[in-house]
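The following exercises concern the open spaces on a protein structure. Please study the sequence and the model before reading each worked solution.

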Amino acid sequence: MPYSSELLDSAVALYRVDPETQATLRRTVSTAYYAFFHFLIEETCTNWARPEQRGKLARCFDHKHMSIASNRRVAEHKNAVAGSKEFHLYSVASAFSQLQEKRHIADYDLSQTLSSSDVALDILLVEEALASWDTIRSEQVAQDYLFSLLFKERS
Amino acid sequence: MALTATGYVNQREIDSAVRAVESAFSSQVVRISHSFGEDNTGSPSIFFRVLVRDEAAPVAHLRELARQLAIALMNGARTDENGLHAYFNYRSVSEQEKLRDPDWD
């Protein structure tokens, strides 16, 4: 099982911990984000021809750069027609952007409270984004998005 | 007025747009609050807090509602045109009654 899948399973397990606490909710959000973060890295690194270098390549990703690239896609495709490849890319990019911000709050900002509904939504967001990715994985827009997660795009 | 990457945004226009979306979704939404700030990357951002009615809180329903609200709020408040990244949080009335978070009152 890929590491990202193990992380998502862990996020679901954390969400189901009874009794639910702010600590379990925060760890759920953080783990769900890292599941998706590592998933996108795995997808990008798979494109690298030399498998022995993929581990080192995976260390080159930067959270901030990935967020900026994702927010650009959100702005470009937020009004895409439902079911189109741009719509699915919006779902993927939006999920990453939202989750990264929520992960930051979950890990560092104790002044904010998390709700169970919102955290359940975060898990669903990742699951839907993974399904959307399956739909568009081989499309050029999807591969261009992966490229933008690692490299600076120049116009 | 709030200072963002593209200069000052007209908070009154944004408030008005948010109220319009709140009204359009009033059968499912009690209140939409928002605040300005920077996200974790340092980019100017708007943070929406959506208080939903308990009937709209089951996650499968909330997911579709959240999708529609996000698009409506981004388009209505012209977040991208204003240089703002938009972030969304949701909770039900009964959850807020337990959490008693003043940011959500």
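**Exercise 1: The largest pocket**

The largest pocket holds about 400 Å³ of space, in a model that is predicted.

Task: State which residues lie closest to the centre of the largest pocket, and which elements contribute to its lining.

Solution.

Step 1. The lining of the largest pocket comprises 28 residues, and those closest to the centre are A:Ile105, A:Asp109, A:Gln112, A:Thr113 and B:Asn89.

Step 2. In chain A, α5 (85-108) and α6 (116-136) each supply at least two lining residues, as do β3 (29-38), β4 (44-52) and β5 (85-92) in chain B.

Step 3. The greatest contribution comes from α5(A), with six residues.

Step 4. Sorted by character, the lining consists of 10 nonpolar, seven polar and 11 charged residues.

**Exercise 2: The second largest pocket**

Task: Determine how much space lies in the second largest pocket, and identify the residues that line the second largest pocket.

Solution.

Step 1. The space in the second largest pocket is about 150 Å³.

Step 2. From chain A, the lining takes in Glu20, Thr21, Gln22, Leu25, Leu114, Ser115 and Ser116. From chain B, it takes in Glu95, Lys98 and Leu99.

Step 3. Two elements each supply at least two of these residues: α2 (22-46) of chain A and α3 (93-99) of chain B. Of the elements, α3(B) gives the most, with three residues.

Step 4. By character, the lining of the second largest pocket divides into three nonpolar, four polar and three charged residues.

Note on methods: Residues are numbered from 1 along each chain as its sequence is written. Chains are lettered from A and ligands numbered from 1 in the order in which they are written. This is a predicted model: local features need pLDDT of at least 70, side-chain atom pairs count only at pLDDT 80 or more; totals for chains, interfaces and linings use all residues. Side-chain values use heavy atoms; hydrogens and water are left out. On a 1 Å grid over the protein atoms alone, a cavity is a set of points where a 1.4 Å probe fits but cannot get out, and a pocket is an open set with protein on both sides within 12 Å along at least five of seven lines; lining residues have an atom within 4 Å of a point. Grid points are joined across faces, edges and corners, and a volume is the space filled by probe spheres set on the points. Helices (H or I, at least four residues) and strands (E, at least two) are DSSP runs, numbered from the N terminus. Ala, Val, Leu, Ile, Met, Phe, Trp, Tyr, Cys and Pro count as nonpolar, Asp, Glu, Lys and Arg as charged, and the others, Gly among them, as polar.
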